[in-house]
Amino acid sequence: MTSRIAVLASGGGSNLQAILDHFDALGERRGGSVVVVGTDRATAGALERAERRGVPSMVLSPETRGGAQSIDRLIDEHGVDLIALAGYVKMIPADIVSRFEGRMVNVHPALLPAFGGRGMYGTRVHHAVIESGARVSGVTVHFVDAQYDHGAIIAQWPVPVFASDDAGTLAARVLRVEHIFYPRVLDAVACGRLSLAPHAPSTISADTKPAFTLLPHEDSRLAENIELALAR
Ligand code: GRF
């Protein structure tokens, strides 16, 4: 099984880039292809990244339905069967969320269920983590349901919070891990190795194989986070 993936992004699109790069590196082994990029902002960096790779893109008008700039059109025109949110800040219409149950994923730059929910995006997340005094933050990839940052958690990876951190330094450390982690989890979902358990929508089914293997240099980049946590 391979999936036809739409990536939706509102911002710089560095996660989109990481996904495109990882899927290119996987070549024929990839679980899906990014067939279209959607954004709600005509100035989003994601548009340029898509264009550079020859991936079609659409500027969405999230409030309209069925028209030329609608999410419905994006899905239908490109035969999309998996949606990856990568910094997309608009609410997805409820009927699309329900039609894509188990086929829409999001990356969140903290360890849900903490530090998520309405209004918790961008640097606000990292500010809240620092203010809470938590020593660990991280990356969460989850299925999307009708509530912000609420659907079944697919995978998480921890990132240390240092006493010297501000929201910017923490965001940068978390983002480095997102770039490694999200494309791999997305690939595992795209080829069906990780899925929403039928009849139990808050749990995940995984087959017996590891969902992905890290390359040696990536392994050490993640390990570096753990070593640094002990050295603080
Ligand atoms: C990431 O931190 C992601 O977790 C969050 O929005 C940010 C998007 O960054 N949902 P980018 O546009 O991929 O660079």
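**Exercise 1. Determine how the lining of the largest pocket divides by residue class, and identify which elements contribute to this lining.**

Solution. The lining of the largest pocket comprises 17 nonpolar, 18 polar and six charged residues. This division refers to a predicted model. The step after the classes is the position of the residues: 41 residues line the largest pocket, and Gly87, Tyr88, Val107, Tyr121 and Gly122 are the ones nearest its centre. Two or more residues of the lining come from each of H1, S5, helix H5 (123–132) and H6. The greatest contribution is that of H6, which supplies five residues. The volume of the largest pocket is about 860 Å³.

**Exercise 2. Establish where the ligand sits and describe the shell of residues around the ligand.**

Solution. The location comes first: the ligand sits in the largest pocket. Helix H1 (14–26), strand S5 (104–108) and helix H6 (167–190) are the elements that each give two or more residues to the shell around the ligand. With a cut-off of 4 Å between heavy atoms, the residues around the ligand are Gly11, Gly12, Gly13, Ser14, Asn15, Gly87, Val107, His108, Pro109, Leu175 and Glu178. By class, the shell around the ligand holds three nonpolar, seven polar and one charged residue. Gly is counted among the polar residues in this scheme.

**Exercise 3. List polar contacts of the ligand with Asn15, Val107 and Glu178, and state how much of the ligand area the protein buries.**

Solution. The cut-off for a polar contact is 3.5 Å between N or O atoms. Each pair is then examined in turn.

- Asn15: a backbone N or O atom of Asn15 is placed 2.8 Å from a ligand oxygen atom.
- Val107: a polar backbone atom of Val107 lies 3.1 Å from a nitrogen atom of the ligand.
- Glu178: an N or O atom in the side chain of Glu178 is 2.6 Å from an oxygen atom of the ligand.

The last step concerns area: the ligand taken alone exposes 370 Å², of which the protein buries 79%.

**Exercise 4. Report how many cavities of 30 Å³ or more the structure holds, and characterise the lining of the second largest cavity.**

Solution. The structure holds two cavities of 30 Å³ or more. For the second largest cavity, the volume is about 30 Å³. Its lining consists of Pro62, Ile71, Tyr88, Met91, Ile92 and Pro93. When these residues are sorted by class, six are nonpolar, none is polar and none is charged. Tyr88 appears in this lining, and Tyr88 is also one of the residues nearest the centre of the largest pocket.

**Exercise 5. Examine the backbone geometry at Pro113 and Phe115, and assign both residues to an element or loop.**

Solution. The peptide bond is considered first: from Leu112 to Pro113 the bond is cis, and omega is near 10 degrees. Pro113 is placed in the loop between S5 and H5. Phe115 is found in the loop between S5 and H5. The phi angle of Phe115 is near 55 degrees, which is a positive value in a residue other than glycine.

Definitions and conventions
Residues are numbered from 1 along each chain as its sequence is written. This is a predicted model: local features need pLDDT of at least 70, side-chain atom pairs count only at pLDDT 80 or more; totals for chains, interfaces and linings use all residues. Side-chain values use heavy atoms; hydrogens and water are left out. A polar contact is a pair of N or O atoms within 3.5 Å; within protein, one must be able to donate a hydrogen and the other to accept it, and residues adjacent in sequence count only if both atoms are side-chain atoms. Accessible areas come from the Shrake-Rupley method with a 1.4 Å probe; for residues, only the protein chains shown count as cover. On a 1 Å grid over the protein atoms alone, a cavity is a set of points where a 1.4 Å probe fits but cannot get out, and a pocket is an open set with protein on both sides within 12 Å along at least five of seven lines; lining residues have an atom within 4 Å of a point. A molecule sits in a cavity or pocket if more than half of its atoms lie within 2 Å of its grid points. Helices (H or I, at least four residues) and strands (E, at least two) are DSSP runs, numbered from the N terminus. Grid points are joined across faces, edges and corners, and a volume is the space filled by probe spheres set on the points.
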